[in-house]
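Work through the exercises below with the model open in a viewer. Try each task before you read its solution.

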Amino acid sequence: MSDENDTARQTTQTALPCVAQHCYSPVWCVRDKFNHSEGRQMHHSQTIPHLPEIDSTRAFLSEGYPFISRRCDELGSDAIRTRLMLRPVTFLRGLDAVRGFYRAGRMTRRGAMPPTVVPLLQGKGSVQSLDGAEHQVRKKMFLDLMAPVRLQQARQIFAEEWQAAARIWRGREIDLSDAVDGIMTRTALRWCGIDPAQHDVARRSRELSTMFAEAGALGPAYLQARWLRARCERWARSLIAETREVDGPAGSTLGKLAFHTDLDGRRMSEDVAAKELLNILRPIVAVGRYVVFAAHALHVQRAAIPAMTEDDENISRAIAEEVRRLYPFFPAIGGRVREAFDWHGARFEPGDWLVLDLYGTNHDPKTWDDAESFCPERHLGRDRQPEGLVPQGGGHYLQNHRCPGEWLTTELLTEAVMQLRKLDWTLPEQNLSLPENQFPPLPEGGLRVAVAPI
């Protein structure tokens with residue numbers, strides 16, 4: 001990779017809209033005045049401080065991802081109260097939140113998301129809208145899809161699609177963001193048992209990428225995203241219907257969705273099964289944004305990137321995890337209280353809206369040494385994900401609403417890092433900054449990459 005743009009070292013503090021793409025889990029905390037296990041001074045009071053403004057919507061949209069942490073720092077608290085869209089909300093951040101709040105049955109996602117986001121990223125009757133036993137039965141279906149052999153299959157498919165595309169890239173300059181969307185769409189279709197040759201991949205790629213790219217949009221862009229989502233749902237319903245008509249393929253992801261039975265012993269309706277199919281396809285395509293971030297990091301942070309060795313699998317995985325930490329994909333995750341509870345003198349009642357600052361938790365200096373530095377080595381030698389690494393939420397995968405696709409994200413991104421490290425590429429002179437108030441952020445031009453000829 002080129003040594004150009006040394007003077008263009010840009011921030012890597014990025015994320016996506018105020019709600020996650022397909023998993024929304026709430027956590028909160030008010031830190032103890034003094035935590036003996038950490039030996040740090042913590043804020044503690046009987047009440048959570050309020051921001052002075054009546055409503056913080058405009059400030060949040062203007063400042064973007066650092067908004068919550070900046071206000072927490074200003075008030076010396078890891079929990080603050082304000083209003084978003086005139087609705088009372090409590091923002092929370094930190095490791096105590098991850099440890100202390102993820103308890104089954106305490107929170108619900110119903111009513112926790114802006115009404116403009118739900119139609120693009122969830123859908124009525126989908127797994128995100130369920131609680132209790134209904135949620136666990138549906139969630140188990142998704143977790144069963146994440147068996148090691150299936151994860152390895154996804155990596156292999158991605159590697160094949162990447163290498164096929166890379167042969168076309170040789171000697172050319174490409175928009176990596178656009179190119180990766182196509183790769184991820186083909187990977188998602190094949191992994192679900194859908195032959196890309198029989199479908200309009202470009203159309204599906206545009207529909208699926210627009211769903212998450214415009215989740216924070218308003219006006220005409222949002223209306224167009226809704227229209228594209230409706231078109232994609234019609235396509236997905238036709239796939240479910242066709243699969244049921246031929247009674248298969250039962251072993252594929254598509255087949256498992258088509259024939260899954262819920263807690264009541266009935267199959268999901270075609271409409272709900274189609275939404276769940278999109279809840280698999282869309283997030284896989286969204287991993288492409290992490291792939292762009294990985295390329296950004298491999299260039300901008302190249303001084304911190306370990307050299308390739310025979311152990312490149314573990315090194316690439318560590319790089320992928322650091323990309324997920326420093327480039328947090330979701331800025332925040334919200335939920336509403338189901339059962340009243342007390343925490344460090346603060347009382348939360350049913351219906352209260354709580355939002356965890358994922359961006360702030362992933363950058364929290366109380367959790368991460370030298371938190372703003374890109375340091376893949378911090379993830380080497382770990383046999384499990386640290387509690388403070390919450391780019392896709394925290395808690396238990398089955399009992400809570402933690403994203404079941406997190407393992408798939410990590411595997412695909414690890415493979416992408418390995419492929420990027422093998423590819424001979426440079427970055428032409430360009431603006432590499434990642435806007436903090438763009439949801440989701442991309443470098444201007446989508447990250448232009450020049451691939452060397454053979």
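**Exercise 1.** Which residue's side chain meets that of Glu313 in a salt bridge? Classify the burial of both partners.

*Solution.*
- Apply the salt-bridge rule: a side-chain nitrogen of Lys or Arg within 4 Å of a carboxyl oxygen of Asp or Glu.
- The partner of Glu313 is Arg155, at 2.9 Å, N to O.
- Place the pair: Glu313 sits in helix α12 (residues 312-326) and Arg155 in helix α6 (residues 148-169), 158 residues apart, so distant parts of the chain are linked. Helices (H or I, at least four residues) and strands (E, at least two) are DSSP runs, numbered from the N terminus.
- Now burial: buried means under 20% relative accessible area, exposed over 50%, partly exposed in between (1.4 Å probe, protein chains only).
- Arg155 has 5%, so this residue is buried. Glu313 has 28%, so this one is partly exposed.

The model is predicted: local features need pLDDT of at least 70, side-chain atom pairs count only at pLDDT 80 or more, and totals for chains, interfaces and linings use all residues. Residues are numbered from 1 along each chain as its sequence is written, and side-chain values use heavy atoms, with hydrogens and water left out.

**Exercise 2.** How many salt bridges does the rule give? Examine two further pairs and one network.

*Solution.*
- The count comes to 32 salt bridges.
- Take Glu233 and Arg237: their side chains meet at 3.7 Å, N to O. Both lie in helix α9 (residues 220-245), four residues apart, about one turn of the helix.
- Glu233 is buried because its relative accessibility is 12%. Arg237, at 26%, is partly exposed.
- Take Arg347 and Glu349: their salt bridge spans 3.1 Å, N to O. Arg347 is partly exposed at 41%, and Glu349 is partly exposed at 37%.
- Next, the network: Asp73, Asp78, Arg93, Asp364 and Lys366 are joined by salt bridges that share partners.

**Exercise 3.** What is the strand order of the open sheet of three strands? Find its edges, then inspect Ile174.

*Solution.*
- Strands of a sheet pair through backbone hydrogen bonds, either parallel or antiparallel. Two strands count as paired if DSSP finds at least two bridges between them.
- The order is β6-β12-β11, with antiparallel pairing.
- The edges are β6 (173-175) and β11 (425-426): each has a single partner strand, so one side of each lacks a neighbour in the sheet.
- β6 pairs with β12 (residues 448-451) over three bridges, in the antiparallel sense. Asp175 stands opposite Arg448 there.
- Ile174 belongs to β6. At 7% relative accessibility, Ile174 is buried.
- The C-alpha atoms of Ile174 and Arg448 are separated by 5.6 Å, yet the residues are 274 apart along the chain.
- With neighbours within four places in sequence set aside, contacts of Ile174 (heavy atoms within 4.5 Å) are Trp169, Ala179, Leu447, Arg448 and Val449.

**Exercise 4.** Is strand β4 mostly covered or uncovered? Identify its partner strands.

*Solution.*
- β4 (residues 87-92) is mostly covered, with five of its six residues buried.
- Strand β3 (residues 79-84) pairs with β4 over six bridges, in the antiparallel sense. Phe91 in β4 is the bridge partner of Ile80.
- β3 and β4 form a hairpin with two residues between them. In the turn, Met85 has a positive phi of about 50°.
- Strand β10 (residues 353-357) pairs with β4 in the parallel sense over three bridges. Leu92 stands opposite Leu356 in β10.
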